[in-house]
Structures are given as C-alpha cells and as structure tokens.
Amino acid sequence: SSHEHKLNFRKSKEACLSYIQDAMLQKQWKRAAEFLTFYVESLEKDYSREPISPSEMIWRIGTEILCHHSHSSVKEFNCFMEQMKTLGVKRYLKVCLEHVFHLLCNGQIDEAYQNLSLAESWRFGEQTAIQDKEMKLIQAYRGLLDYYRWSKQKNILLGHGKCPDGFADLSVEQEMHSCFRKAAVNLKEIIKIPGVWDLFVKCYVDLLEFYGDHNEACQVLNEYAYNSKFPANPNAHVYLYQFLKRQGESKKSLISTLKILHDIVPSHELMIDFNTMLQKSKKRKKRRLGLEVIFAALDYAGWKENVKAWSCLARQVKQIVISEKYLDWIKQEWNSRKDWWPAFHFSRYLAKRNWQENKSLSYEKALVAGILLGKDCKYFKYVSHQGCKAQVKRFRILKKFVNRHNPVYLRISG
Amino acid sequence: RDFNERCAQCSEVNWGLTDGGRYYCRSCHNVTERTREVVNTDFMTNSRVQTISKGSRKQEKNGIGSEWYVCEGFQLVLKKQAEALEALGVCPQMKDEVLYNFWRCYLQKSKQAYCNRPAGETVKALSVCESSTDVDSEPERPSLLHLLSLSESEGDLQTDCSFASSMSKVSESTSIYSGSVDGSLYLMKNQKEKLRMTMPMTLSFCYMALLWLREPITLSELLRFVVEGHIPYLNVFQHFPEKMKLCGLDLKIFCVESWPVYEEVYNKMLELAAFLDLPRFPDITDSCFLHPDMLCIKYLMEANLPDELHNWTCRVVKKIGIGEVDFLTLVPGNKSTRKVKYDILAAAVIVVVLKLLFLLDDHYEWSLSDFAEERNKNNKEGGLYFEFKKWYEVVKHSLDAEQKKLDEERAKYLWRCEKPLFYSVKNKSKVLKRRQMVVNLQNQFGKLSGSARRAEKPNPSSFQLRWSEENTDGSCFHGHSLKGILQEKCGLLTAMNPDYWLCTVKLCNEKLCGHLAHYREVDFPRSYHFVLRLFSFLLRIQPSYIHDEVCMIEHKLFNKKLYKKLKYNTVLRK
C-alpha cells in the first residue's frame, strides 16, 4: 500500500531526532533534552539493519547535552556514561575512552586513571580481539597518565634538592621509577603503530632522556620522522631537531632535519633559526638555501610583522649587496615575487602603519624595500623621510646606504 | 445527539432526551416535538447463535495463564473502544447492541465462534510460552521466519531480528510461540477470504457501528480521537487480564506501531460490511449530522468562514444530488456506487464553493478582497464585508501554529508502554533490562527538560480551531457578509465571479490509479493549496484525498458543459 505518509514508529522517531538535532544546533539544551526523552524508547526496538543504532545516537546526543546543559553535574554525567557502557558491547571500549577524555578535560585525572585501568581489564570473548585498537589506545592513555604521575614525582624530588627528607624521598623515587616502567611500556607500544602520536612521543622521549637512553630516544624520533608508513608530520621533524640540538649534534644534521621541515611547512617558526644557521654557513649552497628559506617564510601573512624575520632577510640582502656577489640570487628570488610583494608588504599604507607601530620593523623592511624596489619606492621614501625627520641615526645611515646602492635595484629588476 | 438544529428559543445546540423520547433544549428547557428515531438493529436475519464450542479450559496451564483465543483478545479490544466511545458521549446502544452484534456476526461468518468448527480446523499450534515441549511429527510445520513474513505490515515488528535469531537458536522443529491458542494459526492460513481481524479493523468495526447509529462522529474525528489517546488503540493489550498472556506471535497481531490511515480503515469497513452481508444501513437524511449540509456548518465554523456560505454549500449539494438519501446511505456490497466519505465530501463542497465565489486563481480573490477592504474602511456601520486577505492572514497564522504543534506532537509520541513485550521467556530479561534503562534515561533527561513538562492529553473536542465573535480584534469571520462578491440576477443571488477553473478535465479510474486525480502542489494556485491544507489539517488526511472529492464534485456540477464542450479545456463560463 502506498501509505507513505502513514505515521509509524520509525518516522516518528526520525522526526524526533531531527528536532533534537535542530535544538542542539541552536544550543537549546533544555529542548534537546526534552525531545531526547521521547527518543530513548527507540532502544526497545530492533535497528540492527540500520547503519547507526539508536544506542549510539543516544550516547552521542546525551553526552553533548550533558556537557553543555547548565544543570547537569559530573555525577550525572558519570552515571550516564556507565549506562551507555552497558548498552552496546561492541562500543564498550570506545565509550570508556570518550568518558576518560571528558574526565581529563574536567581535570579529574584520578577518576580517568581508574576508568582506564578498569577498561584495560575488560574481556569479552571475541569482542576483545575486535576492539583491539581501542584497547591499545586505552593502554596508551594510561601510559600517558603514568608519565604524568612520574613527572609530578620527579618535580617533587627535584624540588627537595638540597634538603632531602630521606625516607619520603625514597618512596617517591621508587614510585617514580615504577611509573616510568609502566609508562614506558605503553608509550613504546603505541608509537609503533603508524599514526600521529605527538604527545606520546614527546613524553616517551622525555622519559628516555631522563634515564640517559639517548640512543633509544634518537631511534624513536628518527622512526617517527622518517618512517614512510607514518603520515607526514612536521612536528616529528621539530621534535627531532630539538632533540638533536639538546644533544649538541652537528650543524649538518640539524640543517638536514630542518630542510625537510622547510619543504613541508615553509612558514614554520623554526625557519628563522634555520636561516640564521644557513647564513653563517661556509658553503655557498647553504647560504643560497638560507635566502630561499627566508623569502619563502615571508610569503606568508603571519610573518608580515615579524621583525626578526625581516631582520634576517635584511641582513642577508645587505651582505649580498655589499659583497656585490651573488646578486642573481636576489634576482631569482625576487622574480616570482615582484608582482605581488610590493602590494603585500610595501604599500604606502603599510609604511605609515609600520612606522607608527614598530620602528624597528619599518627599518628592516625599508632596507629590503630600498634594495628590491629602489630608493624611489613608496615604502622606502616614506619611512626614510620619517626616520630622517625624527633624526634617528640609523635611518640616516640607511638612506645613504640605499642611495649608494641604487643601481643594484636596476640590475635586480632588469 | 443526531439532532443539530438550533433551538428555536435560545439558538443553542444542546439537546437532551425527555423520558417520552422527545428532544429538549438543555439550555432553556424548551421541549420540541421531535422525537428520536428508533434505530433498527435487527439486521441479523439468520442468527443461529451457538455458544463457542471450545474444549475445556485448561486453567493455569504450567502456571503461565490460561488458554485464550485471538478473537477473545479482539473482543476485549472492541469492548474497551466502545467504552471509550461511550465516555465520549456515544449512546450506550452502540456498545451493548450494535457493535456486539456486528462482532458476533463476524465471528460466525469467519467461523471462529458461534458455529460448529469445520472438520480439520482444529488448532494444531501449541500455545506454550516457554521452551520446547512435545515435538510434533508435523511434516510441514511452517518456519518462524515464514510466519513472520506472512503477516501484513503491522509496524516493523516483523523485522525484529532478535526474535528470529533467538527463535532459530532454540530449534525450528519446536513449538511456535504465542500466548494465544491460535496465534500462529491466525497468521499462517491465507485468511483473505475470511477477512482476518487486525487492529486497524477494530476501528473499522467501531466506525461501522457509529455509522449504523448515525452518531455525530466522522471517521476523521474518530481517528483523531484515537491518535489523541481518547480511544484505546496503541497499547490496548495492557488491559488484557493477567491470565491472557501475550507473547510470541501475539505481538504481531495485537501490537501496532503505526497510526491507522483513513483510507485503510474506511475500505476495510466496506469490506467488512459486505462480508457480514449487512443490509442497507439506516438512512442518512438531511437532519443527520453526517449529511453534507450539516457537516458543512461545522466545517465552515471551524474554518472561520462566513455563515452565509452555507446557503451556497446547500445549493451545490442540491444541484449535484449529493444530499439525496440514496446517495448518502451505505449499501454494502453494491460495488457500482462510489462510497461516500462524509467528512471529505463536506470539506470538498466548501472548497468548490470557495472556488465558485472567489475563483482562487491567486489573483481574483485578492482583488475582491481589496474592494471589500475599501468598503469596510469607509462604511463603519452595517456589517463588515468578508475580506479574503484578512481571513487568509488570520487563519494561516493559527493554522501554522497548530500545524507546528501537531508536528512536534508527532515527534513526541511514545509508542511503548509500561507493560513490556517479549517474544519468549528467553528474551524477557533482556526486554525488562532495556525498559528499565529507557525509564532511567527518560527520568534523567526529563529533569533536564526544564519546566516544559508534557501536558496532560487535552480533553477531547470536536473543534480544533475556535473563533469567537466576542473577540474585538476582528479575527472571527462568521458574521461577515458576502455582499461584496454577490450580485442579483433575475431575482437570484449569483457570484460576481464569472469564471471557474476545473481541477482536472478528465477523471482517472480510481480502481486502477487509486485516485480520481493526481494532486501536485506546484500545479495549482497557492490559494487553492492553502484551502486544501486547511481542511487537510482539520481532517488529518492528505490534501490529495480532498482534491479527489473536489474533482468529483466539479465533474458532477459541470457535467453537461464538460460533455458538450470538450474543446474548451480549462476556463468555463458559468
């Protein structure tokens, strides 16, 4: 029969669900809760053929409502989560995990730890094997919390420092080591799986470094950064770089690490360090790369007002101009930028603003503008004029410098 | 109760019956000479009533309740429904005589009771609710899944895999679960020729009885009362006595998860009337509530339209003969005549009248309205002229609000009740646990709902939209005059509107298409759609059904012209 308009259980609940969703989108938590009360009886019906079951809906919706509703308490939330855990065996560990996340967000570390331990000991026939991934995550987070405890105890110990209280310290130390062992095992496990494990890696490396296992740390970081099975992750390279730096490794290895970072994220904040290192290098190729790096960074809007970046560029450009060698480097870099950098960085408006807000910034930029665009460009003219008017010494020097080297501009732009 | 004239003295419609069987006005105690027509319930010519020949009732079999048959369950349902109707004001005759007799007749004709059980129809299915008992050496014991698929689509209970899977685990060769004795038999046999009883059919029974008695409840009203909870339907099995244990396949029979649809109940009623070999129903005369003239009064009031329109509805009714006794009275089994849906018919008449007077082509009615507005502004004394625009705004506002409420109500239905349903003892604990959880969650989130608690179900009322002339904001149009749109021609009042557009030039074959015409909102003027929407809301049916009736009325009305001038497709001159 063609009674599509016939109102039945399913349609009624579908409508109910859309009211809940509307209410949630408009942050009307009371109304969402109200409609949810009418939706929950879906649990008593068989939806095993549908892609998403009511129990999952109720879990997710209920969680949202309880998080945002002004009258809901943590106790209620926990009670709700416990109920949700019993609802779907196939989802048990996932629910546990999300519960733990909420507890962590609310600063309830101890409860979170308890829940994780409880979840870890859960066994349910073949489900245990099926939910293996979630189990690993649970163990990983427990490892993380173990690290957190270790860290606290470490700080206690270090804090005592000069006047140790013998016995108390000993027990803290023992506990600390025990936390370390527990943490290390779990953290090591999880970072074996291809994925993004920034926080876990950092913690694990921290542990290893503390106990002096630098080899292992290095290996872990290299794996994390260079194993192709892992997704491309700029942070991996950052961590590796920072580690190598701490270990006092050679400039060469530092540079090779940062090179990859430059390739992935040209606008990364470490590009300044990178450029600085490269400028100092004796190798021409490295210095060339340095110029490329700093120009690339300044392509990004986030760097527009970064004095340090501009000063790096200015320094290098100045140095090249003075040496009168490798002007073609600048020419190459400027070629692809000469159409849009003037409006992007060197407009008259920006000149005024930079001068008002940050004299150092305007100084560095004026130098670069003067070289790249010549002494008659808007930016340089304005800033140098202002600077000279204000009788700031360096601006006078700047003006002279640019005037002297004006032909360079012609060669670059040519 | 089927007397709806206004009292001569006080103009109220509030009648009671004196001991002498005369009508008296309850407001002013004016006694009339009108007496109540005696309704003849003597339709069973061949009533050889015999008692149900059942075997000895095994009391407390295995401690889980006594034997009961499916028809006993339905009998209980009907009883409950009749009691509810009585509480709503229907005469007690309905329950005690009419409905009961219909039911007995049905049982007899379908050979479920009141007759000798034909040989070979002994109930074979076992009726235990627990694990397997004696395994029969029946070679063709139907499988459970087969049974599940056979039944009509009564909600989605048949997709409850939990049932099927838990059953299959037990063993296919063991008993077929049902609390009732003949539950499985009920579902199994091809009962088409015997008109197997279903829950929607209980409403068909009720409506049939109401129609027989010519009670002033239309089918759309009946169904609305069901949905509003005034008439038991949804979880009526809750009222079964303890000893009637409901489980297994009984659930498929008695538990519904959808609201019955007008067409469904109506058609079944016709089938039923034919099946029971009922004679011609009591006449629907022009003093009956169900007569279009009467129903039009009600609907005009509810739609906030001027009372003056009633003259026009009566004229249309008279012109096309749909007020004739023979047209309106139900004769079961007569397949040639199109059966009358009183409520839809009356609504459609009003729609046609509106089209006659206002054209409803999205232009004319608004210019008529402007004219009336001008006149109303300048003439403060005398009655107000009816302004279509104002009416539209007022009614739309209320309609939208009520529709919104209704839509929310629909999303808030609670289909399950406290009495849990389980297919077998095996999944009883699971069901109970679930119910407990549902109740917990309802409490938890109910507290967070704030003060917006669910109101008690509203009192049953015949009118869904109310307009009072006492309102000074001018939102009631009952008393408004149609003067602005009428003119006098040869002593007769006619409409100023000279045109009319037909909804369809050719009617479809209802038996093939299911409809007389096919309504698509985009194909028609928005005013027309609005009017359909209004009555669609009041009657709780799809606009297309009203549209069908409108087409039917139009074709009767313009029959001659249609027959002659087949060339002119849409606009006709009256």
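A residue counts as buried when its relative accessible area is under 20%, as exposed when it is over 50%, and as partly exposed in between. The legends below use these classes for a predicted model.

**View 1. A loop residue of chain B with a positive phi, D362(B).** D362(B) is found in the loop that separates helix 13 (342–358) from helix 14 (364–378) of chain B. With a relative accessible area of 27%, D362(B) is classed as partly exposed, because the partly exposed class takes in values between the 20% limit for buried and the 50% limit for exposed. Most residues other than glycine have a negative phi. D362(B) is not a glycine, yet its phi is positive, at about 70°.

**View 2. A loop residue of chain A with a positive phi, K27(A).** The loop shown here runs between helix 1 (9–25) and helix 2 (29–39) of chain A, and K27(A) lies within that loop. The phi of K27(A) is near 60°, which is a positive value in a residue other than glycine. K27(A) has a relative accessible area of 62% and is therefore exposed.

**View 3. Helix 14 of chain A and the helices that cover it.** Helix 14 of chain A, made up of residues 271–280, is mostly covered, with seven of its ten residues buried. The buried residues are M271(A), I272(A), F274(A), N275(A), M277(A), L278(A) and Q279(A). Their cover includes helix 12 (234–246) and helix 13 (251–264), together with helix 15 (284–297) and helix 16 (307–323), which also belong to chain A.

**View 4. K308(A), a residue of helix 16 of chain A.** Helix 16 of chain A, which is among the elements that cover the buried residues of helix 14, contains K308(A). The relative accessibility of K308(A) is 52%, so this residue counts as exposed. From K308(A) to A140(A) the C-alpha to C-alpha distance is 40 Å, and the two residues are 168 positions apart in sequence.

**View 5. Chain A as the setting for views 2 to 4, with a secondary structure of 23 helices and zero strands.** The radius of gyration of chain A is 31 Å, well over the 22 Å that the globule rule gives for 414 residues, so chain A is more spread out than a compact globule. Along its principal axes, the C-alpha trace of chain A spans about 85 × 75 × 40 Å. Buried residues make up 51% of the 414 residues of chain A, and the chain exposes about 21200 Å², of which carbon and sulfur atoms supply 52%. Among the contacts in chain A with a separation of 6 or more, 60% are accounted for by residues 24 or more positions apart. Chain A carries 66 positive and 45 negative charges, and the mean positions of these two sets are 14 Å apart.

**View 6. Residues 258–448 of chain B, a span annotated in UniProt.** The unreviewed UniProt entry places the feature "domain: Rrn7/TAF1B C-terminal cyclin" at these residues. The span is 61% helix and 0% strand, and its end C-alpha atoms lie 29 Å apart. Chain B as a whole comes to 20 helices and seven strands, and 53% of its 574 residues count as buried. In chain B, residues 24 or more positions apart account for 74% of the contacts with a separation of 6 or more. Chain B exposes about 27300 Å², and carbon and sulfur atoms supply 50% of this area.

Methods:
Residues numbered from 1 in each chain as written. Chains lettered and ligands numbered in written order. Predicted model: local features only at pLDDT ≥ 70, side-chain atom pairs only at ≥ 80, totals over all residues. Heavy atoms only, no water. Rg over C-alpha atoms; globule rule 2.2 N^0.38 Å. Buried < 20%, exposed > 50% of the residue type's maximum accessible area, 1.4 Å probe, protein only. Contact = heavy atoms within 4.5 Å. Areas by Shrake-Rupley, 256 points an atom, 1.4 Å probe, with all protein chains shown as cover. Lys, Arg positive; Asp, Glu negative; His and termini not counted. Charge placed at Lys NZ, Arg CZ, Asp CG, Glu CD. UniProt positions renumbered as here; feature names shortened; annotations may be inferred.
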